[in-house]
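Me: I want the reasoning behind the labels on this model. Take me through them one by one.

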Amino acid sequence: MDDLSKIRLDGAGLPIWLRILIVLVLALLASGASLFAYRWYVRPVTLSIAVGSFDGDAPKIISALASRLAANNAPVRLKVVETTGLVESAEAFSSGRTDLAVVRGDVGDLSQAQAIVVLAQAVALLVAPPGSAITDMAGLKRTTMGVVGGDTNRKIVSVLTKAYDLERANVAFKNLEPNQVRRALETKEIRALLLVMPLSEKYLSLVRGLFPQNAKTAPVLIPIENAGAIAEKERAYESFDIPKGTLRGSPPVPDDDVTTLQVSFYLVGKKSLDKDMIAGFTQAITSARRDIVAEMPILAQFKAPDTDPGAYLPVHPGAAEFYNGNQQTFLDKWSNAIFLAPMALGALATVLAAAWQFLRSGDLKQKTPALDSLYTLGRRIRHAETEAELLEIETEIDETLRAQRARADQDEDSLDAATLNVAAHRLENLIHDRRAALAAPRSNGR
C-alpha cells in the first residue's frame with residue numbers, strides 16, 4: 001500500500017499527456033498571476049481633486065496639469081472634481097469626498113490637509129476710485145466697502161475688522177459679484193473695494209477695467225500698515241509689499257510700494273496618502289508645470305511650500321522627500337527585491353526540476369531494481385536445497401542479464417556492463433559453492 005501511494009503521489013500512475021497538461025496549467029496560472037501582479041504594481045494611481053474659483057480659471061489650470069500628467073505617463077493621474085469655489089473645495093476635501101484639493105490658506109477646515117505645492121499667491125487689494133480722499137484705513141470710517149467673493153473672503157474681512165476696529169468706525173461690507181462692481185462704484189453704493197487675487201496680468205487688467213483712468217487719474221491703493229502684526233497672529237497670511245508701478249508703469253501707480261496681506265493657494269493632500277506615491281506625484285506635477293507654464297503664466301508662481309516643522313500647513317512627508325532631495329533611489333526601494341530575487345529564482349529552478357521529474361516519472365526506470373534483484377538471489381542460493389532450485393535461479397539470472405543488455409541500446413540510464421558482470425560473477429561463485437555443499441553429503445553417504 002505504501003509503495004502504491006508513492007507511485008500515485010509522484011505522478012507515475014498518471015498518463016504522460018495528463019502530466020503534461022497539469023504542468024502546462026500550473027505554468028499558465030503562475031504566468032497569469034505574475035502578469036497580474038506586475039500590472040497591478042505599475043498601474044497609475046488616480047486621485048480625485050476638488051477645485052473651483054469664481055472665474056473658472058482654477059479648474060482649467062488643474063485640468064491642463066492633469067492632461068500633462070497623463071501625456072507624460074506619470075504614476076499618478078488626477079480626476080478633477082469641479083466645485084463652485086474655494087469654500088466648497090475645502091468642504092469636499094475635509095469631508096473626505098476627494099483625495100486632494102486646491103484651497104486657499106484662510107478658507108475652510110484645513111486641519112487634515114498637508115501641503116504638496118503652492119500653486120499661486122493672492123494679495124489683498126484695497127482699492128478706492130480715482131480722486132478718492134481715502135488713502136488709509138482710517139479714511140474708511142462710515143463708508144461701505146464692496147467685497148468681491150464675500151463667502152471666500154469672510155475670514156480676511158473679520159481679520160481687518162478686528163485689527164482696525166472697523167465695526168466701531170461704522171464700516172459696512174457689501175458682497176458683490178465681479179459683474180456688479182462697476183455699477184456699484186458708479187452709483188457710489190460703495191466707496192472702496194476689497195479684492196483678493198494673484199498679481200498676474202489677467203487680474204490686474206480686471207482691476208484697471210473697473211475704474212476710468214487717464215494720465216492724471218488712477219485708482220488709489222489703500223495700504224494695510226499692520227500687515228506684519230496681523231500675519232503674526234493669523235498665520236494663514238504674510239505681509240507683502242505691492243511693488244511700485246504694479247497697476248501702471250508711467251506715471252507709476254502706486255507711486256511707492258504698498259504694504260498689504262498675502263495668502264497662498266495650496267494643492268493639499270490627505271495625511272493618509274502614501275509618501276512614496278506623493279513624492280512621485282510632486283515630481284511629476286513639477287515637470288508638468290514646466291511644460292505648460294508658457295500657456296498659463298500664473299503657474300510662474302508655482303513653488304514649494306514651507307517645509308519647516310512649524311509651518312502653517314505642514315508639508316506632506318512625500319512632498320518633503322522630493323523638495324529635500326531625500327527621495328528613495330532605485331537601490332533604496334528595490335534592495336530587498338534584488339536580495340531576494342536569487343532566492344526566488346532558486347526556488348523556481350527547484351519547482352521546474354520537480355516538474356521535469358514529474359513528467360519523466362512514468363518512463364524512468366530505476367537503476368537499483370535490477371541490481372537489487374540480483375543481490376536478492378544470493379540469499380536464495382544460500383538456502384537452496386536442490387539442484388532444481390539452483391537451475392531455476394540460474395535461469396532468472398540469465399533473463400535479468402538479457403533484459404538489462406537489451407535496455408543498454410535504448411536507455412542511457414541502464415546499468416553498465418561492468419556492474420552486471422561483477423554481480424553475475426559473484427552469483428556464479430555462490431551457485432558453484434552451493435552445489436559443492438549439496439554434493440558433499442551424498443559423497444559422505446557412500
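Reply: What follows sets each label against its definition.

This is a predicted model, where local features need pLDDT of at least 70, side-chain atom pairs count only at pLDDT 80 or more, and totals for chains, interfaces and linings use all residues. Residues are numbered from 1 along each chain as its sequence is written, and side-chain values use heavy atoms, with hydrogens and water left out.

Me: What makes E3 an enclosed strand?

Reply: Buried means under 20% relative accessible area, with exposed over 50% and partly exposed in between (1.4 Å probe, protein chains only). Five of the five residues of E3 meet that cut-off, so the rest of the structure largely encloses the strand. Strands here are DSSP runs of E, at least two residues long; helices are runs of H or I, at least four, and both are numbered from the N terminus.

Me: How do you know that both faces of E3 are covered?

Reply: In a regular strand, side chains alternate between the two faces of the sheet. Leu100, Val102 and Arg104 are buried on one side, and Ala101 and Val103 on the other.

Me: Why is E3 called paired with E1 and E12?

Reply: Two strands pair if DSSP finds at least two bridges between them. E1 (residues 45-51) and E3 have two bridges, in the parallel sense. E3 and E12 (residues 258-270) have five and run antiparallel. Leu100 partners Ile49 and also Gly269 of E12.

Me: What makes the buried residues of H7 one face?

Reply: In H7 (residues 201-210), Tyr203, Leu204, Val207 and Leu210 are buried. They fall within an arc of 115° seen down the axis, so they line one face of the helix. The arc is that of the directions from the helix axis to the C-beta atoms.

Me: Which elements does that face pack against?

Reply: The buried residues of H7 pack against H3 (57-71), E4 (113-128), H6 (181-186) and E7 (192-197). Contact means heavy atoms within 4.5 Å.

Me: By class, what is the lining of the largest pocket?

Reply: Ala, Val, Leu, Ile, Met, Phe, Trp, Tyr, Cys and Pro count as nonpolar, Asp, Glu, Lys and Arg as charged, and the others, Gly among them, as polar. On that count the lining has 24 nonpolar, nine polar and six charged residues. H3 gives the largest share, four residues.

Me: How much of the chain is buried?

Reply: Buried residues make up 39% of the 446 residues.
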